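Here are some notes to read alongside the structure, written as numbered points. Please keep the view open and locate each element as it is named.

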There are 2 protein chains.
Amino acid sequence: MRESSVAGIQRGLHGQIVEVMAQRILSGTIPEGATINVPDLQADLGVSLTAVREALKVLTAKGLVDARQKRGTFVRPRTDWNLLDPDMIRWHFSDSDVRPELLEELHEVRGIVEPAAARLAAVRAQDSHLEALDIAMAAMESATDDLAAVAADLAFHRALLAATGNELLTKMEVIMETGLADRDRLVHKVKPSDDPVPSHRRVLEAIRAHDPVAAEQAMKELLAKAAEDLHEVRGA
Amino acid sequence: MRESSVAGIQRGLHGQIVEVMAQRILSGTIPEGATINVPDLQADLGVSLTAVREALKVLTAKGLVDARQKRGTFVRPRTDWNLLDPDMIRWHFSDSDVRPELLEELHEVRGIVEPAAARLAAVRAQDSHLEALDIAMAAMESATDDLAAVAADLAFHRALLAATGNELLTKMEVIMETGLADRDRLVHKVKPSDDPVPSHRRVLEAIRAHDPVAAEQAMKELLAKAAEDLHEVRGA
DNA sequence: TCCTCGTAATTTACGAATTAATATTGACAC
DNA sequence: GTGTCAATATTAATTCGTAAATTACGAGGA
């Protein structure tokens, strides 16, 4: 099973119910506006009322369902779901039915946020942030297998967001990481020879030089290349 | 009390506990890493274990706390909090101790996302989206009091994000709206004569003309003016 | 010094009772 | 005869007190 659940940690029996119910709602098995029959669910899963209840409470917190006395527990309209929640992002992609549209949107957001983040990082990066970027860079250079390469890539982009000094931007790392992991997964299979080091180094050096324009440009180029690779792979 | 809680709806007794605990944690009354004594809390608030438990379950879902058997329930480090959650944003600003830093960061994110959103909207806006923008525009023009003006402003920016056709961007309306509401609250007191219509109309017409460059530029100018106003007011 | 097992403390789960909101039905007025 | 308002019955969420499961820590032995 999933060992390192970085996001919202839901342990125990009811944690499994949360996953199951979330999957059912996100996949559309239980459609928007449908009422959830709690006693039936209780019987189906063979657990107590409290366990189901606590699971639904978590889903309520994420905007997926809404419980009203006497009327029942409903699935809220999709517009009310907290798609920016780390768990929600994870649930979206952990299941078999990957959603191509959401993946596209994810890359689009990445294309908006990361160049701006690079610009801000160039202006405000502290020594500690540069150090983190250097470490990620070194790991990327010395990576031998795919796993290490992807980890280093993730670490770099995480450090970049942190270097902006903006907490809200830093929180968007979940979006960046999912998009990045998707790209890596696809591209590394087809173009294993591709070297991500030069493009990342250009970003890093621009940040170190406190040159916001160059940093933004370098990041745009990095993303353009990533998009190109992705397009190439999709075509094939 | 709060009547229209747009975000995650937590009704009943335990909903109040959620608010109380969230405020205590966000304000730092209960510091990061502190253990929450559940029996004490139960006694303090005079409610049952289940009520407290369900409240903590919601906070767990938002990354605020983590419960481990035998060790207790802890406040998680700030880096794990889901600041992008609508409830979290609301709780941050509903209390007396407004956080100037987070407000600054909010405006920064707005400055990154909204111009890009305007650009995308110019490319992809459907008729229904343009209609929504028109309605907001008309409401802005005919607004007589501050309340109506702010509502129209919010509606416009919400419609703009929706017009991008990107669900993730649309979800960032919470951030945009909070920043916008803050600006309006401050500025309208000092410069009530200020007319927001022309700048918004320029954005709208650029979108209608499907001119992404003009739309992005118009939005940048709108935000620059907003930032200028804010700076002016802060100085005074 | 390291491994194993027992104990204590705390979360987690259960089933019953309570509370609250809605729909239905009846009566009264128009 | 019809429409509106109020009281009541019904239904599902909410809350409660208690029992069970889990796991970290410490003691004892190899």
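What percentage of the 236 residues in chain A do buried residues make up?

1. This is a predicted model, and every value below should be read with that in mind. Buried residues account for 50% of the 236 residues in chain A, and the C-alpha trace of this chain spans about 65 × 40 × 30 Å along its principal axes.

2. Chain A contains 11 helices and three strands, which follow one another along the sequence in the pattern α-β-α-α-β-β-α-α-α-α-α-α-α-α. Among contacts in chain A between residues at least 6 apart in sequence, 69% join residues at least 24 apart.

3. Chain A is divided into domain 1, covering 12-80, and domain 2, covering 98-235. The C-alpha centres of these two domains of chain A lie 36 Å apart.

4. Helix α10 of chain A (residues 197-208) offers a small check on geometry: at 1.5 Å a residue its 12 residues should span 16 Å, and because the end C-alpha atoms are indeed 16 Å apart, the expectation and the model agree. After α10(A) comes A:His210, which has a positive phi, near 55°.

5. The buried residues in α10(A) are A:Val197, A:Ser199, A:His200, A:Val203, A:Leu204, A:Ala206 and A:Ile207. When reading such a list, remember that an α-helix has 3.6 residues a turn, so residues three or four places apart point the same way. In chain A, the buried residues of α10 pack against α5 (100-124), α6 (127-141), α7 (146-163) and α11 (212-235).

6. Turning to the nucleic acid, DNA strand D is surrounded by 21 residues, of which the closest are A:Arg53, B:Leu13, B:Ser48, B:Thr50 and B:Gln69. At least two residues of the surface near DNA strand D are supplied by each of α3 (49-61), β2 (65-68) and β3 (72-75) of chain A, and likewise by each of α1 (12-27) and α3 (49-61) of chain B. By class, this surface near DNA strand D has seven nonpolar, eight polar and six charged residues.

7. Which parts of DNA strand D do the atoms within 4 Å of the protein belong to? Of these atoms, 74% belong to sugar or phosphate, and the rest belong to bases. Individual atom pairs illustrate each kind of partner: a polar side-chain atom of A:Lys70 lies 3.3 Å from a sugar or linking oxygen of DNA strand D, a backbone N or O atom of B:His14 lies 3.3 Å from a phosphate oxygen of that strand, and an N or O atom in the side chain of B:Thr50 is 3.3 Å from a base nitrogen of DNA strand D.

Key:
Residues are numbered from 1 along each chain as its sequence is written. Chains are lettered from A and ligands numbered from 1 in the order in which they are written. This is a predicted model: local features need pLDDT of at least 70, side-chain atom pairs count only at pLDDT 80 or more; totals for chains, interfaces and linings use all residues. Side-chain values use heavy atoms; hydrogens and water are left out. Domain bounds come from an automatic or database domain assignment. Helices (H or I, at least four residues) and strands (E, at least two) are DSSP runs, numbered from the N terminus. The expected span of a helix is 1.5 Å times one less than its number of residues. Buried means under 20% relative accessible area, exposed over 50%, partly exposed in between (1.4 Å probe, protein chains only). Contact means heavy atoms within 4.5 Å. A residue is near a molecule or strand if one of its heavy atoms lies within 4 Å of it. A polar contact is a pair of N or O atoms within 3.5 Å; within protein, one must be able to donate a hydrogen and the other to accept it, and residues adjacent in sequence count only if both atoms are side-chain atoms. Ala, Val, Leu, Ile, Met, Phe, Trp, Tyr, Cys and Pro count as nonpolar, Asp, Glu, Lys and Arg as charged, and the others, Gly among them, as polar.
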